[in-house]
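The following exercises concern the packing and the open space of a single structure. Work through each task with the model displayed before reading its solution.

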Amino acid sequence: MDLIDSIILAVIEGITEYLPISSTGHMIIASSLMKIASDDFTKLFTIVIQLGAILSVLVLYWKRFFQSLDFYFKLLVAFIPAVILGLLLNDVIDELLESPIIVAVFLIIGGFVLLKVDNWFKSNEVYDAAHPEAHTKISYGTALKIGLFQCLAMAPGTSRSGASIIGGMTQKLNRKTAAEFSFFLAVPTMFGATAKKLYDYYQAGFELSSDQINYLIIGNVVAFIVALIAIKSFIDYLSKRGFKIFGYYRIILGIGLLLIHFFIYPLTTV
């Protein structure tokens, strides 16, 4: 990996982390095309720069993070399923993270889901128009169910934000409220994933060079700036227009990847 690679990946992370199009999937695709996907530092980098994207949520919603202890307990409840399954399936997840073809398949499946989501949960928006406060209160049971949905994103290409937003909508939350809770849930989830990846990296005997440390710093700064813009734009767009455009994008990208893999050159790195 060089400086240009790190900036490109950070831009992709910042744009895709909070959109329902799978940031991990896009990082796998991009790093595979750059031919650096199998590098151990690349795998670390793609996880650690999520901290920059997380910081953007803390900056944009800082008042919401000082609401009450109840808010933190609900985030903890939603976070627990990912911790348990992440530890149990760690080796399987690592293998899946090296396959652009698995990413392509889940991009397409998720794309068709997003084409239907707005119709499935149309009543959430209709009810909210008449009862604007009804969907803003999230119970512990709702938080747990959203956390379970988030676990679907352990399959690369699924989208953590997409899975958790849909999980919220199944609990009668409107699109905006579900998306914002998904953003908040990303904070402990991504911090946990980063800490685990750094621990595994050092346990494997690797050490970071000065250049690699610089790449991580630059990557986090770039991801932070880009994510600030992406979050605001996504919330505005989602509230007004819904998920369909993201569904079409996922399907087109997934089909394109499969065509490249089978007719131009294989992308699989495992």
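**Exercise 1: The pocket lining**

Task: Identify which element gives the largest share of the lining of the largest pocket, and then describe that lining.

Solution. In this predicted model, α11 supplies the largest share of the lining of the largest pocket, namely 7 residues. Next, consider the other contributors: the elements that give two or more residues to this lining are α2 (23-33), α5, α6 (90-96), α10 and α11. The space enclosed amounts to about 770 Å³. Of the 35 lining residues, those closest to the centre of the pocket are Ile 93, Met 154, Thr 189, Met 190 and Ala 193. Finally, sort the lining by chemical class: 15 residues are nonpolar, 14 are polar and 6 are charged.

**Exercise 2: The nonpolar cores**

Task: Determine which residues of the largest nonpolar core touch the most other members, and which element gives the most to this core.

Solution. Begin with the membership: the largest nonpolar core has 38 residues, and Tyr 18, Val 57, Tyr 61, Phe 65, Phe 183 and Phe 234 touch the most other members. Two or more residues come from each of α4 (50-60), α5 (69-88), α7 (100-120), α9 (140-150), α10 (160-170), α11 (175-203) and α12 (210-241). The most is given by α11, with 9 residues.

Then examine Phe 65: beyond its neighbours within four places in sequence, Phe 65 contacts Val 57, Leu 58, Phe 71, Tyr 72, Leu 75, Phe 184 and Val 187. A second, separate core comprises 16 residues, including Leu 44, Phe 45, Ile 49 and Leu 216.

Key: Residues numbered from 1 in each chain as written. Predicted model: local features only at pLDDT ≥ 70, side-chain atom pairs only at ≥ 80, totals over all residues. Heavy atoms only, no water. Core = buried A, V, L, I, M, F, W, Y, C linked by side-chain atoms within 4.5 Å. Buried < 20%, exposed > 50% of the residue type's maximum accessible area, 1.4 Å probe, protein only. Helix = DSSP H or I, 4+ residues; strand = E, 2+ residues; numbered from the N terminus. Contact = heavy atoms within 4.5 Å. 1 Å grid on protein atoms, 1.4 Å probe; cavity = no way out; pocket = protein on both sides within 12 Å on 5 of 7 lines; lining within 4 Å. Points joined across faces, edges and corners; volume = space filled by probe spheres on them. Nonpolar A, V, L, I, M, F, W, Y, C, P; charged D, E, K, R; others polar.
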